[in-house]
Amino acid sequence: MSSWSMNDGSALTGAYTFTNASAIVQGNSSADTSEIKVGDIVIDDNGDKVRVADIQPVRTVATSAVNASNDRITITNHGFVANQNVHYNANGGTAIAGLEDDTTYFVKTVVDADKFTVSATEGGTVLDLTGTGNNAQTFGGTSTKAFTATNAFTPSTNSGSSCTVTRPPINGHGKTTVDGTTTAVIDSNVLGITSAESLGGLDNIASVSVGTTSLGGIDYVGGNTYHGSAPAVTIPAPTVRTIATAKVTTGTDSIEIASHNMRTGTSLTYQDGGGTALAGLTDNTEYFAIRVDEDNIKLASSLSNAQAGTEITLTGTGNNAQTLEGTQATATATTSGGKVTGITVTAVGSDYQSAPTVTVAAANGTGSLNLTQSGVLVTGTDEIVIPAALYAVLTTGDAMTYAQGGSGAQADLTDGTVYFAIKSGTSNRMKLATTYANAIAGTVIDLTAVASGGTAHSFTGATASVTAHLGLGDSGDNDSREVAHIGWVKKTVGTGGRAGRVHYETLVAASSISGDAEDIATPDS
């Protein structure tokens, strides 16, 4: 029987341009990235293959692409839609005057397929761009026309290519790995990736999912009432591995780490701990693991050397405070309507021995409000004046925790209590309710007086709850990969209404399809 398959490939809409100088793949105006997913393999007219790494590509915007006279930014076939998040980075150069470095903005207007404007808040006013920045600056965001590949395309620029996409088939014949174990792996000849790639991911942060956060008895997906830029996301560094001198064997150039669960190619940084460095290694330097067995590794000076099995010669044992530590992963949050809608892993890290606890910065909320002022707490209408950025994303029913500003109390509100916002019809104002149901019904808390003191009262929404997930894999101890959908086989259809489709069945469940009917009397051999 042939290889077990999950997807045989289908044509993508539109034409794509690949370059050998960049991992960005750019589609024309008819292209649509909704047809691909991260991990898919895109195959061009020449049969060359690249793997989809990200559908939120970061693209360079030269100074010539910034028009300060009409506040427009040009990216050919940008693929952005109105009100979506885009992240601007000056990348060490002068920022575009009117924008701040490393800040998330919103697409205000899609002028055409190549031009757009930005605003500070969703639905806000167009930002006035008074300068053009620098030639290394970038904008990143979900695009309907472009994606990032895992590697630059070779052998040369390929413009206007009609492409197909395929998803991981599994080779049922197996592959002999480093220690002689034979396992089923992704077939690199079909998928277009290396065996090393197919084994990767076990110790990486593959994804961070957004969970449900409860505040005031109401569940919010991704938290609520952020405003301004997206909240910071922090993934802790991997656990540090301390290497005692007794664990270093110079005769075999190996280091003993019991049940290390590392694979060849794992990135590790060596620190001498303030003592004598392990002879052969340099303090604060990146090395790459060569798996010897489940309890021992060697180190290589580069990834290619690790894959080739070329280890570093160790002529000393160092000191008992020396360490090896994997690379810390990073991620960014995406917000829409004031809520966290997704987390993008920007660096997967290495040597994570278990999924870490990821934290998201607390919701921005209102910031400090001086409720002693009648212009901020308006008793006549029971309204509180809030920042415009928050008002733009506020939704009636949003739960918000009240914090009393210093020693000054407000007679109708209790410190540390959750209230529910009612978005006022008057700009930049909200009212409060005691329950979600009251907020929806418009039953307002009567604010009888301004606060007796304190200038730093605040209302803060729920902080997003997120969960990290490690990549696929059974165990680094045998270099095996988690085999997805093993036991399924591809069946192609015949004629009729289903012509041209692919039907996925178990190995013995059904036979070929002819016309619109399915013959299940005789299973295929």
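**Figure 1. Asn77 in its loop.** Asn77 is buried, at a relative accessible area of 13%, where buried denotes under 20% relative accessible area, exposed over 50% and partly exposed in between (1.4 Å probe, protein chains only). The structure is a predicted model, in which local features need pLDDT of at least 70, side-chain atom pairs count only at pLDDT 80 or more, and totals for chains, interfaces and linings use all residues. Residues are numbered from 1 along each chain as its sequence is written, and side-chain values use heavy atoms, with hydrogens and water left out. The loop that holds Asn77 lies between strand 7 (72–74) and strand 8 (85–89); strands (E, at least two residues) and helices (H or I, at least four) are DSSP runs numbered from the N terminus. Leaving aside neighbours within four places in sequence, Asn77 is in contact (heavy atoms within 4.5 Å) with Gln26, Gly27, Asn28, Ser29, Arg59, Ala113, Asp114 and Lys145.

**Figure 2. Asp272 in the loop between strand 23 and strand 24.** Strand 23 covers residues 267–271 and strand 24 covers residues 285–293. Asp272 is buried, with a relative accessible area of 15%. Residues up to four places away in sequence not being counted, Asp272 touches Ala277, Asp283, Asn319, Ala321 and Gln322. The C-alpha atoms of Asp272 and Asn320 are 9.0 Å apart in space, while the two residues are 48 apart in sequence.

**Figure 3. Strand 25 (residues 296–300) and its partner strands.** Five of the five residues of strand 25 are buried. Asn296, Lys298 and Ala300 point one way from the strand, and Ile297 and Leu299 point the other way. In a regular strand the side chains alternate between the two faces of the sheet. Strand 24 pairs with strand 25 in the antiparallel sense over five bridges, pairing being assigned if DSSP finds at least two bridges between two strands. The two strands 24 and 25 form a hairpin with two residues between them, and Ala289 stands opposite Leu299. Strand 22 (residues 254–256) also pairs with strand 25 in the antiparallel sense, over two bridges; here Ile255 has Ile297 as its bridge partner.

**Figure 4. Open sheet of six strands.** The strand order is 30-31-34-33-32-35, with antiparallel pairing. Strand 30 (377–378) and strand 35 (458–460) stand at the edges with a single partner strand each, so one side of each is left without a neighbour in the sheet. Within this sheet, strand 32 (residues 399–403) and strand 33 (residues 418–423) run antiparallel and are joined by three bridges. Met400 stands opposite Tyr419 of strand 33.

**Figure 5. Open sheet of four strands.** The order is 28-27-19-29, and the pairing is antiparallel. The edges are formed by strand 28 (339–347) and strand 29 (359–360), each with a single partner strand, so one side of each is left without a neighbour in the sheet. Strand 19 (residues 232–234) pairs with strand 29 over two bridges in the antiparallel sense, and Thr234 has Thr359 as its bridge partner.

**Figure 6. Two aspartates with positive phi, Asp102 and Asp253.** Most residues other than glycine have a negative phi. Asp102, with a phi of about 55 degrees, is found in the loop between strand 8 and strand 9 (103–110). At 47% relative accessibility, Asp102 counts as partly exposed. Asp253 has a phi of about 60 degrees and is placed in the loop between strand 21 (248–249) and strand 22. Asp253 counts as buried, at 11% relative accessibility.

**Figure 7. The largest cavity and its lining.** A search of the whole structure finds three cavities of 30 Å³ or more. A cavity is a set of points, on a 1 Å grid over the protein atoms alone, where a 1.4 Å probe fits but cannot get out, and lining residues have an atom within 4 Å of a point. Grid points are joined across faces, edges and corners, and a volume is the space filled by probe spheres set on the points. About 60 Å³ of space lies in the largest cavity. Its lining consists of Phe106, Thr121, Glu122, Tyr226, His227, Gly228, Ser229, Thr335, Gly338, Ala389 and Val393. By class, four of the lining residues are nonpolar, six polar and one charged; Ala, Val, Leu, Ile, Met, Phe, Trp, Tyr, Cys and Pro count as nonpolar, Asp, Glu, Lys and Arg as charged, and the others, Gly among them, as polar.

Methods: On a 1 Å grid over the protein atoms alone, a cavity is a set of points where a 1.4 Å probe fits but cannot get out, and a pocket is an open set with protein on both sides within 12 Å along at least five of seven lines; lining residues have an atom within 4 Å of a point.
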